[in-house]
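Open the structure in your viewer and set the display to cartoon. Keep the selection panel at hand for the stops below.

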Amino acid sequence: MIPLTKTLIKTVIEPQYLDSINLHDSKRSDFFQEVIEGLEDGILILTETGQKVHANASAHRLCCQFNQGNFNQNFVPPAIWNVCKSLLNSRYLFPDKLIILSDEIVLDKSNVFRIRVRLLDLDRFEMPCLLVTIENQYDSLKNVALTEVKKFDLTPREAEIWFLYRSNYSYKEIATKLYITINTVKKHMKNIHTKRQASISCN
């Protein structure tokens with residue numbers, strides 16, 4: 001893996017409103033390195049040839065998961081690299097436009113990932129780079145569902161059912177997973193929808 005230099009970090013962050021943060025360059029680099037490492041989403045920066053410039057902890061873990069335990073740090077999963085190649089091929093068709101390509105990697109029902117790839121502003125870098133973000137859609141749905149549980153004031157059992165429902169489980173699958181009947185699932189879902197409607201009416 002190519003080490004991410006402080007110069008590269010500085011170049012990436014300068015265009016935003018960061019001048020208002022009173023940090024010296026080294027502190028600023030450390031600050032943003034800490035932010036990147038703390039993200040739940042995977043962040044990958046790759047060269048045009050697929051060599052890793054940087055991967056945060058989440059990206060490293062997810063790449064190992066996609067590679068089924070292949071811990072080679074410089075190996076980019078084919079599912080990710082295929083999206084990158086598509087972007088590289090299409091940039092010549094639209095040279096004046098910012099292109100962001102996305103795709104999904106589905107390992108199973110609880111592991112669905114959205115991959116987004118874009119070119120970084122090449123004028124600012126010594127070498128062309130690709131920015132890849134990896135979002136665990138299951139975790140994102142879970143966070144939304146948790147917010148809705150509080151908003152709709154759901155009971156613990158309703159919360160379990162709502163989370164599975166939001167994760168695209170069928171009533172039958174929910175019943176099987178929670179060892180309850182489909183009629184029980186339907187009854188809880190009816191109560192949940194009533195609470196949702198009441199919440200919407202209040203707003």
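The tour goes from the whole chain to the sheet, then to single helices and loops.

**Whole chain**

Bear in mind that this is a predicted model. Select the protein chain and colour it by secondary structure: there are eight helices and five strands. Followed from the N terminus, the elements come in the order α-α-β-β-α-α-β-β-β-α-α-α-α. Of the 203 residues in the protein chain, 38% are buried. Switch on the surface, and about 12,500 Å² is exposed, with 53% of that area coming from carbon and sulfur atoms. Among contacts in the protein chain with a separation of 6 or more, 47% join residues 24 or more positions apart.

**The sheet**

Next, select the strands. In what order do the five strands of the open sheet lie? The order is β2-β1-β5-β4-β3, and the pairing is antiparallel. Residues 52-55 (β2) and 100-108 (β3) are the edge strands, each with pairing on one side only. Look along the sheet to see the twist, which averages 20° from one strand to the next.

Zoom in on β3 and add residues 111-119, which form β4. The two strands run antiparallel and are joined by eight bridges. To place one pairing exactly, pick I100: its bridge partner in β4 is R118.

Now add residues 137-152, helix α5, which packs on the sheet. This helix touches β3, β4 and β5 (129-136), and its direction makes about 50° with that of β5.

**The loop after α5**

Move on to D153, in the loop between α5 and α6 (156-166). Check its backbone: phi is positive, about 55°, although D153 is not a glycine. Most residues other than glycine have a negative phi. Is D153 buried or exposed? Its relative accessibility is 59%, so D153 counts as exposed.

**Helix α6 and what follows**

Select α6 and show side chains. Which residues of α6 are buried? They are E158, A159, I161, W162, F163 and L164. Display the surroundings as well: the cover over these buried residues includes α5, α7 and α8 (182-202).

Just after α6, stop at N168. This residue sits in the loop between α6 and α7 (171-178). Here again phi is positive in a residue other than glycine, with a value near 70°. N168 counts as exposed because its relative accessibility is 58%, and the cut-off for exposed is over 50%.

**Helix α2 and a surface patch**

Go back towards the N terminus and select F31, which lies in helix α2 (residues 25-38). Add V35 and L39: together with F31 they make a nonpolar surface patch of about 230 Å². An α-helix has 3.6 residues a turn, so residues three or four places apart point the same way. With a relative accessibility of 38%, F31 counts as partly exposed.

**Helix α3 and C64**

For the last stop, select C64 in helix α3 (residues 57-66). C64 has a relative accessible area of 9% and is therefore buried. Then pick F75 and draw a C-alpha to C-alpha distance from C64: the two residues are eleven apart in sequence and 9.0 Å apart in space.

Note on methods:
Residues numbered from 1 in each chain as written. Predicted model: local features only at pLDDT ≥ 70, side-chain atom pairs only at ≥ 80, totals over all residues. Heavy atoms only, no water. Pairing = 2+ DSSP bridges. Helix = DSSP H or I, 4+ residues; strand = E, 2+ residues; numbered from the N terminus. Axes fitted to C-alpha atoms, helices over the stretch in contact; angles between N-to-C directions. Contact = heavy atoms within 4.5 Å. Buried < 20%, exposed > 50% of the residue type's maximum accessible area, 1.4 Å probe, protein only. Areas by Shrake-Rupley, 256 points an atom, 1.4 Å probe, with all protein chains shown as cover. Patch = residues over 30% accessible without salt bridge, like charges linked within 9 Å, V, L, I, M, F, W, Y side chains within 5 Å. Salt bridge = Lys/Arg side-chain N within 4 Å of Asp/Glu carboxyl O.
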